[in-house]
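Work through the two exercises below. Try each task before reading its solution.

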Amino acid sequence: MSSYSSHRSRDRSRSPRRSLNDHRSERRAECRSKTTAYSADMNKLRAKVMKARLTKSPDLANLEKQLEAAMNSEGSDSHGSKQNKVVVLPQVDSHGRRLPTRNDAREREASEELTIQQMARLEKETEGDDTTDRELAAQIVRDSGFSNDLEYMNDNVERLSRRRQEKSSEQRKQAAIQDYKKMEAALDSCDMCFKQTENPDGSTLLNPPGYPMIALGNRVCLMLPNREPMNDGHCIIAPIEHVAGSSLKCDDDMWDEITNFMKCLMHMFAARQKGVVFLETVLSVQPSKAGHCAIECIPLPLSKTQDMPAYFTESLVSSDDEWSQHRKVIDTTVKTTSVAPKDDLHDQDANHLQARQAIRRGGFRNRMTAKMPYFHVWFDPYGGMGHIIENSEKFPPWFGREVVAGVLDLPPAVYRKPRRLKESHDQRCDRADEWKKQFGWSKFDWTKMLEAQ
């Protein structure tokens, strides 16, 4: 009886403490959810103000008042207290690969318990992290008596599979800090990124890049070049957030918007009896040296569109060194099978679904790699032809523009180093409005569907 009473007394003494801890954790979770929701609302309001400024919307004054009131309420809640700026290090490095954490060893040990979806996500996050191959290559280089046969490898498997000691948590932290500083320096020097400035009152303001903005999607935008264009209609498709170098680093959502812009531009120029080519040149895979990901769109007469594959094939074959490790021309076209039009709505949906799946798994994203510099030209959203650049110093950055300029009989000054245009914000907006009116962009702008949502 005494043991039962003592057990009940211990339960009574523990239950208030347990309920108090639960109450505190619920309060913390509620505060975190409120803070996250408030930050998301502020980001959405800033995005609306930015879009209204770029498009000269009549609702700009009302949105600015709402933003100012929201920032004032945020300042009153903080009671004007000055705190040190805390920077949360990203979970991925400048290459887009996931940074190693303390739980990585546990995840490797419990990899057998992961589901297929979790293993696919982990593989996608660690894509390009080929440390195992590098360590094996280092062991082979140190071994002077290495022989490339299975018997030798089986006899020396322990020595060849020896791994270096993993970095400590402090070393990983310092590496993440250095990588973060390099990425911040690359973002500050990028002229295609939206710059975030801090006001004296502590609020932040997002400033658009120095490019005339045509249309803004959720992840990708369409803009005009900040230099003299090659011809009428010359424009650029670029991600809104900073993607260093290759468009192969873009996710599926970004690629859906990129293909949407490609289709709209093709329809827009086709209505004016013009064709179009899309060019991408990546000369470096290092994020600190690679610029902002950009795909140039250059229209040309419809009569010369059919000859463009032959021109690019001939130019790519004669480019770079005579002896190369890769094929000079890599075909990235994707052929989709269409459904017989028995039921219009059902068959249109089926064809559209097959086209989207073909683009996602398309030849460009499967046959080209983001680990090496390359050049690629699209003749339509389904692909084109690519070329691996083995010597970036000898490959000119204006290669694609030079081929198009040769077809159009344009002078070298147009494609080599065009003059930078010194324009104010209003002049850039006026140039974008003139471009829209000239080509009737409003009839083909797919981003209007986003505004209606």
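## Exercise 1: Cysteines and disulfides

Cys 235 counts as buried, because its relative accessibility is 0%. The model is a predicted one.

**Task.** Find how many disulfides the whole structure holds, and explain why Cys 235 and Cys 250 are placed as they are with respect to bonding.

**Solution.**

1. Set the criterion. A disulfide needs two cysteine sulfur atoms within 2.5 Å.
2. Take Cys 235. Its closest cysteine sulfur belongs to Cys 297, at 3.7 Å, so the pair is too far apart for a bond.
3. Take Cys 250. Its closest cysteine sulfur is in Cys 293, 4.6 Å away, which is also too far for a bond.
4. Check the burial of Cys 250. Its relative accessibility is 3%, so Cys 250 counts as buried.
5. Conclude. The search of the whole structure returns 0 disulfides.

## Exercise 2: A helix pair

**Task.** Describe how helix H10 and helix H13 cross, and classify the residues of their contact.

**Solution.**

1. Locate the helices. H10 spans residues 308-317 and H13 spans residues 399-408.
2. Read the geometry. Their axes come within 10 Å and cross at roughly 130 degrees.
3. Classify the angle. It lies outside the parallel, antiparallel and perpendicular ranges, so H10 is oblique to H13.
4. Assign the hand. H10 passes H13 in a right-handed crossing.
5. List the contact. H10 supplies Met 308, Tyr 311, Phe 312, Ser 315 and Leu 316. H13 supplies Phe 399, Gly 400, Val 403, Val 404 and Val 407.
6. Sort these residues. The contact of H10 with H13 has 8 nonpolar, 2 polar and no charged residues.

Technical notes: Residues are numbered from 1 along each chain as its sequence is written. This is a predicted model: local features need pLDDT of at least 70, side-chain atom pairs count only at pLDDT 80 or more; totals for chains, interfaces and linings use all residues. Side-chain values use heavy atoms; hydrogens and water are left out. Axes are lines fitted to C-alpha atoms, for helices over the stretch in contact, and angles run from 0 to 180 degrees between N-to-C directions. Helices (H or I, at least four residues) and strands (E, at least two) are DSSP runs, numbered from the N terminus. Angles under 35 degrees count as roughly parallel, over 145 as roughly antiparallel, 65 to 115 as roughly perpendicular and the rest as oblique. A crossing is left-handed if the near helix is turned anticlockwise from the far one by less than a right angle, and right-handed if clockwise. Contact means heavy atoms within 4.5 Å. Ala, Val, Leu, Ile, Met, Phe, Trp, Tyr, Cys and Pro count as nonpolar, Asp, Glu, Lys and Arg as charged, and the others, Gly among them, as polar. Buried means under 20% relative accessible area, exposed over 50%, partly exposed in between (1.4 Å probe, protein chains only).
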